[in-house]
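Reader: I'm a first-year student and I'd like a close look at one helix and what sits around it. Could you walk me through it slowly, in plain words?

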Amino acid sequence: MNHYVTGSTIRELREKKKLTQKQLADQLCVSDKTVSKWETGRGLPDVSLLEPLSAALGISVAELLSGECFTNANRSGNLLRSKFYVCPICGNVIWAAGEGAYSCCGVSLPPLEAEEPDNAHEIHAERVENEWYVTVDHPMTKSHYISFLAFVTDDRVQIVRLYPEQSAEARFFVRGQGRLYAYCNRHGLFTRRM
């Protein structure tokens, strides 16, 4: 199987260049939390960042690419424990009821770790009759955008795919308590309880 860049590779090359996570993040116009996620295997750099990342680390893109295989360790079926996987090459979104071994475009995908939203990724929800109207105040440019919004309850998953240059908004049927998710192609997965 072909592999994508791994967190251990990024960390090792960054340390060889004597760069802090913050210094590398500043060169790539991402947050230091994003670099930390890459290095700990909780996310992958978007394909648009491979060339700038390899330049910042002083190697070619081909030298940057490597990876590790993941094994399926979680066999639970509780939807509130579900995992999202996003291909950094084609943007494909994979949802699973638990952690597993998934790949896309020849890349092994790690499960995304959701964080509480920061000011730049605040998830707003307003109930309109029997729907949640969900928005995220976020730029939707071709290189930096929210690629999907999702609402997960204990018995259902609703996902709305978003594309650059459209509004970061969606409507979800109200189906009890759950979690809202928003995925930024540069900063990762964010969530809030509903």
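Author: Sure, let's take helix α3. Its buried residues are Thr34, Val35, Ser36, Lys37, Trp38 and Glu39. Keep in mind that this is a predicted model. The helix runs over residues 32-39, and with six of its eight residues buried, α3 is mostly covered.

So what do those buried residues pack against? They pack against α1, α2, α4 (50-57) and β11.

Let's zoom in on one of those partners, α2, which spans residues 21-28. The axes of α2 and α3 are 8 Å apart, and the two helices pack at an angle of about 110°. Angles of 65 to 115 degrees count as roughly perpendicular, and that is why α2 and α3 get that label. On the α2 side, the contact is made by Gln21, Lys22, Leu24, Ala25 and Leu28. On the α3 side, the residues are Asp32, Val35, Ser36, Trp38 and Glu39. Look back at the buried list and you'll spot Val35, Ser36, Trp38 and Glu39 there as well. Here's a handy bit of background: an α-helix has 3.6 residues a turn, so residues three or four places apart point the same way.

Now pick out Lys37, one of the buried residues of α3. Lys37 lies over the face of Phe190, 5.2 Å from the ring centre. If you're hunting for strand β11, look at residues 188-193. Just after α3 you'll meet Gly41, which takes a positive phi of about 75°.

Gly41 is a glycine, but a positive phi turns up elsewhere too. Lys18 has one of about 55° although it is not a glycine. You'll find Lys18 in the loop between α1 (7-16) and α2. Is Lys18 buried or exposed? Its relative accessibility is 72%, so Lys18 counts as exposed. Glu129 also has a positive phi of about 55° without being a glycine, and its place is the loop between β5 (123-128) and β6 (131-136). Glu129 has a relative accessible area of 71%, so it is exposed.

Next, follow the chain back from β11 into the loop that joins it to β10 (178-184), and you'll come across Asn185. Asn185 counts as buried because its relative accessibility is 6%, and the cut-off for buried is under 20%. What does the side chain of Asn185 reach? One target is the backbone oxygen of Ser143, at 3.1 Å. Another is the backbone nitrogen of Tyr145, at 2.9 Å. Leaving aside neighbours within four places in sequence, Asn185 is in contact with Asp46, Ser143, His144 and Tyr145.

One last stop: the aromatic rings. The structure holds five aromatic pairs. One of them joins Phe84 and Phe148, a tilted pair at 5.1 Å centre to centre with 35° between the planes. This pair links distant parts of the chain, with Phe84 in strand β1 (residues 83-86) and Phe148 in strand β7 (residues 146-153), 64 residues apart. Both Phe84 and Phe148 are buried. Along with Tyr181 and Tyr183, these two form one aromatic cluster.

Technical notes: Residues are numbered from 1 along each chain as its sequence is written. This is a predicted model: local features need pLDDT of at least 70, side-chain atom pairs count only at pLDDT 80 or more; totals for chains, interfaces and linings use all residues. Side-chain values use heavy atoms; hydrogens and water are left out. Rings of Phe, Tyr and Trp (its six-membered ring) pair if their centres lie within 6.5 Å; planes under 30 degrees apart count as stacked, over 60 as edge-to-face and the rest as tilted. Helices (H or I, at least four residues) and strands (E, at least two) are DSSP runs, numbered from the N terminus. Buried means under 20% relative accessible area, exposed over 50%, partly exposed in between (1.4 Å probe, protein chains only). A charge sits over a ring if NZ of Lys or CZ of Arg is within 6 Å of the ring centre and within 35 degrees of the ring normal. A polar contact is a pair of N or O atoms within 3.5 Å; within protein, one must be able to donate a hydrogen and the other to accept it, and residues adjacent in sequence count only if both atoms are side-chain atoms. Contact means heavy atoms within 4.5 Å. Axes are lines fitted to C-alpha atoms, for helices over the stretch in contact, and angles run from 0 to 180 degrees between N-to-C directions. Angles under 35 degrees count as roughly parallel, over 145 as roughly antiparallel, 65 to 115 as roughly perpendicular and the rest as oblique.
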